[in-house]
Each structure stands twice: as C-alpha cells, then as structure tokens.
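Welcome to this short tour. Open your viewer, keep the selection tool at hand, and follow along stop by stop.

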Amino acid sequence: MEMDPPAAAKALGLPSYAKAVDAYRKAVGTAASVTAYVVLARGMARELLPHDLLSAARWAASLVRARLETPPPERRTLVIKSAAALLYGGGGGGGADSGLYDDVREYLATRIDPHSMGRLCLGGRSKRALSLEHGDSMTDVFEGVEFKWASVAGQSQHGNGNEYDYGYRYGNVRTESLELSFDAEHTDMALGRYVPFITETVAEARRRESALHIFINEGSSWHGIKHHHPSTFDTLAMDPDLKQSVVADLDRFLKRRDYYRRIGKAWKRGYLLYGPPGTGKSSLVAAIANYLRFNLYDLDLSEVSYNTMLQRLLNGMPNKSILVIEDIDCCFSTASRKEKNDSDSDHIPYRSGQGNSEPRITLSGLLNFIDGLWSTSGEERIIVFTTNYKDRLDPALLRPGRMDMHIYMGYCGSEAFRTLARNYFLIDDHKLFPEIQQLLLDVEATPAAVSEMLLRSEDVDVALGVLTEFLRQKKQAMREGESMQSHVELAGKEAAAGNL
Ligand SMILES: Nc1ncnc2c1ncn2[C@@H]1O[C@H](COP(=O)(O)OP(=O)(O)OP(=O)(O)O)[C@@H](O)[C@H]1O
C-alpha cells in the first residue's frame, strides 16, 4: 500500500517534516497561479491596449529601471605602444615609449596565471616566459585594485615613397599595444604608483639577473670586469649570530629609503671588517655583493693622487654599489699621523705605497666626500674598509657614526668549521668532528688554512684526517713554543737573580 509523504511522515512520527512538505506544496501552487496570471495579463494587454500605449508603458518601465540601477563605473584606458606602433602608428609624440612596452610585457610574464588563460604564449626575453597573446587579456591586482591588461594587435600604413623605410617594406606594419583599463577613480594610482611600480620591479629583476662586476680605479675613472666570486652567506664560515646580524643589518638598510630621506642623511652604510689574514674579510665583501646584487668598486688609494681625483671617482659610482678600500691601515695609520704631527686627527695625509712622501689624499678628504657628497647625490651605497690591524687605525675612522658596524672576522670556530665541511663535502657530521672541534678551541687556525686542508683530498675521511693531523701538530708546536717561552723567561729571571 502506498502512502503520501505527509501521511508517511506522520506515520513515522516526524511532524516537522510533514509541515515543511505541506508548506512547499502550497508555495508551488501559489507560484504556478501567479505565473499563469502574469502570462494571461500580458496576453490581454497585448490584445487590448493600443500599440502606442504599449510602447509608452515600455519606455516608462525602462526609465524606472535605469533610475533604480547603479550605472557601471566610468573606465579609463591607457595605451602603451610597441616600437613599431610608435614609429608608424602616429604615437611618436604620445609620451609612451617602447621601453615601457617591453617592461610591461616582462612584468606581465611574471603575473600570468596559466590556469586562467585560454591561450598561452611562450617566448619573450626569457624564452621560457609566458606572455600575453594578442587579443588576450588578464587581470592584475595592485594594492587591492583590479587592473585589466589587453594585448592588441593592429596594422598601420607607413611609407614615404621609398620602397624601404626604416628597414621595413613599404605597406602595412603590424603594430602591437598593451591596453590597461581601470576604473576612472583609480587614474592617479595607475599613473602615479602602478606603472612606476612595474618599471621598478622589472629594473630590479633585470639587475638581479645581470652579471656582477668589480671595478678598479684607473686614473679618475673605473675599469670593470665580471665578478664571479662564489662566496655567499651560506658558504661563509663565521659565527652564526654575527652572520645573522650582518644579514639583518643589510636587510634593514635596504628597506630604509624613506627613513634616510626623512632624517636628511645619505642613504649609505659603512662596515669595517677586521681580523687576521685569511679569516674571510674579502669573502664577506663578496658575499655582501652577491646578496645585494651590488657591483663592487675596489678603490686602490695608491693610484689616487689628489682629492679632486678621489671626488671624481666617488662621483662616478652609481647607486646600488659597494665601495671597498682594503687594508685601510696601510693608507691612514696612527703612525703617519704622528709623523705629520697634525693635531687635527681628521687631516691625516695618505702616503702612496711607492714611497712618495708628498701628502696627497687626506683621511678628512675621504670621509668628507663619503659623508657629504653622497648625501646630496646617489642612494643605496655601501662602504667597506678592511684591515688586519684595527689597533693601527686612526681614531677618526673608529669614531661612532663613521663606520656603522665593526665586524670581527676571527679564527675558525666550531660552527665555522661545520660550514666549511658542508661546503666541501656536504656533510653535517663525521666521527672526527668532535676531535677537530676540540682542537679548534685549543689552537688558532684561520678558515683559509682549514679550507686548504679540506681541499687536500676529495675523500672526506682522508681530508678530515689531514685536517686533524694539521691541528694536532699546531697544538704540539704551540705547546713547545709555550714551554720554550717559559724556559726563556726562567733563564732570564735566573740571569737577573745571578746579576743581583
Ligand atoms: N670565513 C671564511 N669562510 C669561507 N671561506 C673562507 C673564509 N675565510 C677564508 N676562506 C677561504 O680562504 C680564502 C682566503 O680568504 P679571504 O681572502 O676572504 O681572507 P681575508 O681575511 O680577506 O684575507 P686577507 O686579509 O689576507 O685579505 C678564501 O678564498 C676562502 O676560500
């Protein structure tokens, strides 16, 4: 026997379900009646009302609808033309340039979501980059606002009567443009922030991809060669906390453009690297350059004759660069200050390495150019001084504010050794590690010396064995040296006592 749903629900003891089914049935019935009435009324109106009256009613209804509906926001379109479009499309004086066109295409290549595109185009500067196919469009979001890009291909007539014109055959030229459309209320943002953001992003990406250079001074100009130093903060063997603080300092420096502008100081940072030879000062400079992707300007002061020459060299350094002066103690030392008997410690003559005793570049010249010159021109500059003998430096250089960070590159410690072992053998542990780490506490070995031992063999057991033996011998020699020293001291004391 069949039962209708409410009865079945009641039978099952589900009163609420039964009510809901009843209500649904009533609603369906009502909707059907209303629809029938509307259809009937429309038919009757069509039959009974005159045509003019009907048109007037329709017009009035559309007027009411237009009033009630909010109009679509006003849109703006910015056209960015390619080189060919500018040459032949009459846009030569229009303001946009094909550099911008290339920049935008390059930027959009990094923003394309391949899953949302019907057609995908591979190519462009980087052959593996996706690009917008002509006729396609995509949306980019900047500061929460949607910007729509469309790639538009067109044809332009060109020619001046010659068969060839700028290398193109007379006739139609295929032109290309990118069209950016956005709500009119975002015009200022589009022109003032979004487009500049695109060009800056692309310039930064290109800078990061391009090869680094190291420049050396020749007269008043710089001569550059490619810089391939492999050192990075990952491969650099140094105290992990110190390394972390250097990286954090660099990151902070990069983010502080507005801060430096506000306080009216040159956007520069100075590091003084000191420590024994072979502890990685040059490696740290290379790691900083690789990290920031800044070119290096290695200033040899012995080649600089006068302050004006120095000024020209410093002026010739572009933004985002690192000025390195190695072994600064050899250029400006407390010794030279005493020789000069100059009471003003900022006016210390630099003496050339070739024995020329004429005062030439002064410390005041160097520091003043760096402080003054760069505060009015240029941004994002790093200065690095290195020395093996910090105690020989003039106090003017060590004064607070001159160098922002003093970084000691010391002998190889436990963690530094682990970094080197990882660099050379990709290992984090070995049975010889404990002994090596203990020996490194007892003796002074530079990372350069440890690296050299590790390079002796490609077999990790052999290389670590060689290093262990080297450190043992160093310890032995140290002990013998100490006992020899104490013998000498004892003999000296005995001699002194005998003389008394
Ligand atoms: N801290 C380090 N981390 C990794 N490798 C290092 C380190 N220190 C030295 N080395 C190795 O030793 C070589 C020489 O080191 P580097 O020239 O950086 O030392 P330095 O302190 O600048 O020496 P100098 O004062 O003689 O110029 C480097 O090329 C590298 O192979």
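How many bridges join β9 to strand β12, and do they run parallel or antiparallel? Select β9 together with β12 (residues 295-298): three bridges join them, and the two run parallel. Two strands count as paired if DSSP finds at least two bridges between them, and the strands (E, at least two residues) and helices (H or I, at least four) are DSSP runs numbered from the N terminus.

Before moving on, note that this is a predicted model, in which local features need pLDDT of at least 70, side-chain atom pairs count only at pLDDT 80 or more, and totals for chains, interfaces and linings use all residues. Residues are numbered from 1 along each chain as its sequence is written, and side-chain values use heavy atoms, with hydrogens and water left out.

**The sheet**

Stay with β9 and highlight Ile-214, which stands opposite Leu-296 in β12. Now add β10 (residues 221-226): six bridges join this strand to β9 (residues 213-218), and the pair runs antiparallel. Here Ile-216 has His-223 in β10 as its bridge partner. Two residues lie between the strands of this hairpin, and Gly-219 takes a positive phi near 65°.

Next, select β13 (residues 321-325), which runs parallel to β12 and is joined to that strand by four bridges. Look for Asp-298, whose bridge partner in β13 is Val-324.

Now show the open sheet of seven strands, with mixed pairing, in the order β10-β9-β12-β13-β14-β11-β15. The edges are β10 and β15 (405-408); each has a single partner strand, so one side of each has no neighbour in the sheet.

**The ligand**

Select the ligand and the residues near it (those with a heavy atom within 4 Å). The ligand is surrounded by 16 residues, and the closest are Ala-237, Gly-278, Lys-281, Ser-282 and Ser-283. By type, the shell holds seven nonpolar residues, eight polar and one charged.

Zoom in on the oxygen atoms of the ligand. A polar side-chain atom of Ser-283 lies 2.6 Å from one ligand oxygen. For Lys-281, a polar side-chain atom is 2.8 Å from an oxygen of the ligand. From Gly-280, a backbone N or O atom lies 3.0 Å from a ligand oxygen. Elements that give two or more residues to the shell are α9 (281-292) and α17 (447-454).

For a last view, colour domain 3 (213-408) and domain 4 (414-497): both give residues to the shell, so the ligand lies between them. These domain bounds come from an automatic or database domain assignment.

Note on methods
Polar contact = N/O pair within 3.5 Å; in protein donor to acceptor, adjacent residues only side chain to side chain. Nonpolar A, V, L, I, M, F, W, Y, C, P; charged D, E, K, R; others polar.
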